[in-house]
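Below are some notes on the structure, set out as numbered points. They begin with a term that several of the points rely on.

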Amino acid sequence: MRFSIRNLLIATTLVSVPIALYVKMEFDRVRAEQIATRLRLELNGTRSKLKTGLIHENQLVDDYLAMATPCEREELGRYSEFQHGFPGGVGHGVTIVSKDGRLTRAYFWSCVGGEEYFNGMTDEDETEFGKLWSWAHPRPRSYGK
């Protein structure tokens, strides 16, 4: 059997491409696990700080952000909403709301229940925040009805 450079290149490609694809998939899997672990640790740390009072009602947002790193932050007029957990609200997490630069509400949520840490929002605040949130997150249109 004659072995040519062409045959060597074909054999090398047939072996190296699947290996490269496997390495890329493994790299992506490990990176996703690292991100999930970091988000889970941040969520658990934030919950612990809320339970012990390190993060508390009427605290300055800058002081809170020095202790915690939310995965999402949204500005809604005078209000800011911070999410801890997994982006997009998957599974469970902590939501913290501030008004005029001070924390006003914090709660843990999941598909099986939740826990409120503090809520200093008045009925007027709830209404105003609800309107701003609804405006920023419109319902998807339903076509055909």
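1. A residue is called buried here when its relative accessible area is under 20%, exposed when it is over 50%, and partly exposed in between. By that cut-off Thr-104, with a relative accessible area of 11%, is buried. The model under discussion is a predicted one, and the points below should be read with that in mind.

2. On the overall architecture, the protein chain contains 3 helices and 5 strands, and read from the N terminus these elements follow the order α-α-β-β-β-β-β-α. The chain is more spread out than a compact globule, because its radius of gyration is 24 Å, well over the 15 Å that the globule rule gives for 145 residues. Along the principal axes, the C-alpha atoms of the protein chain fill a box of roughly 85 × 50 × 30 Å.

3. On burial and surface, 26% of the 145 residues of the protein chain count as buried. The area exposed by the protein chain is about 10300 Å², and carbon and sulfur atoms supply 59% of it. Among the contacts of the protein chain with a separation of 6 or more, 40% are accounted for by residues 24 or more positions apart.

4. On charge, the protein chain carries 19 positive and 19 negative side chains, while the centres of these two sets lie 12 Å apart.

5. The hairpin of β1 and β2 deserves a closer look. Strand β1, residues 72-76, pairs with strand β2, residues 79-85, in the antiparallel sense over 5 bridges. Two of the pairings can be named: Leu-76 has Tyr-79 of β2 as its bridge partner, and Glu-74 has Glu-81 of β2 as its partner. There are 2 residues between the strands of this hairpin, and Gly-77 takes a positive phi near 65° there.

6. How many of the residues of β2 are buried? The count is 7 of the 7, so β2 is largely enclosed by the rest of the structure. The burial concerns both directions in which its residues point, since Tyr-79, Glu-81, Gln-83 and Gly-85 point one way from β2, whereas Ser-80, Phe-82 and His-84 point the other way, and all are buried. On the pairing with the next strand, β2 and β3, the latter covering residues 92-99, are antiparallel over 7 bridges, and Gly-85 stands opposite Gly-93 in β3.

7. Leu-43 links the first helix to this part of the chain. Leu-43 lies in helix α1, which covers residues 5-52, and Leu-43 is buried, with a relative accessible area of 1%. Apart from its neighbours within four places in sequence, Leu-43 is in contact with His-84, Gly-85, His-92, Gly-93 and Val-94, and of these Gly-85 and Gly-93 are the residues that stand opposite one another. From C-alpha to C-alpha, Leu-43 and Cys-71 are 9.2 Å apart in space, although 28 residues separate them in sequence.

8. Two backbone angles should be checked by eye. Most residues other than glycine have a negative phi. Asn-58, in the loop between α1 and α2 (residues 61-67), has a positive phi near 70°, and at 48% relative accessibility Asn-58 counts as partly exposed. Asp-100, in the loop between β3 and β4 (residues 102-110), likewise has a positive value, with phi near 55°.

9. Strand β4 holds two residues whose surroundings can be described together. Thr-104 is found in strand β4, and, not counting residues up to four places away in sequence, Thr-104 touches Glu-57, Val-97, Ser-98, Lys-99, Phe-118, Asn-119, Gly-120 and Met-121. Arg-105 is also found in strand β4, and at 18% relative accessibility Arg-105 counts as buried. With its neighbours within four places in sequence left aside, Arg-105 is in contact with Thr-95, Ile-96, Val-97, Glu-116, Phe-118, Asn-119, Met-121 and Glu-126. Val-97, Phe-118, Asn-119 and Met-121 are thus among the residues that both Thr-104 and Arg-105 contact.

Key: Residues are numbered from 1 along each chain as its sequence is written. This is a predicted model: local features need pLDDT of at least 70, side-chain atom pairs count only at pLDDT 80 or more; totals for chains, interfaces and linings use all residues. Side-chain values use heavy atoms; hydrogens and water are left out. Helices (H or I, at least four residues) and strands (E, at least two) are DSSP runs, numbered from the N terminus. The radius of gyration is taken over C-alpha atoms; the globule rule is 2.2 Å times the number of residues to the power 0.38. Buried means under 20% relative accessible area, exposed over 50%, partly exposed in between (1.4 Å probe, protein chains only). Contact means heavy atoms within 4.5 Å. Accessible areas come from the Shrake-Rupley method with a 1.4 Å probe; for residues, only the protein chains shown count as cover. Lys and Arg count as positive and Asp and Glu as negative; His and the chain ends are not counted. The place of a charge is taken as NZ of Lys, CZ of Arg, CG of Asp or CD of Glu. Two strands pair if DSSP finds at least two bridges between them.
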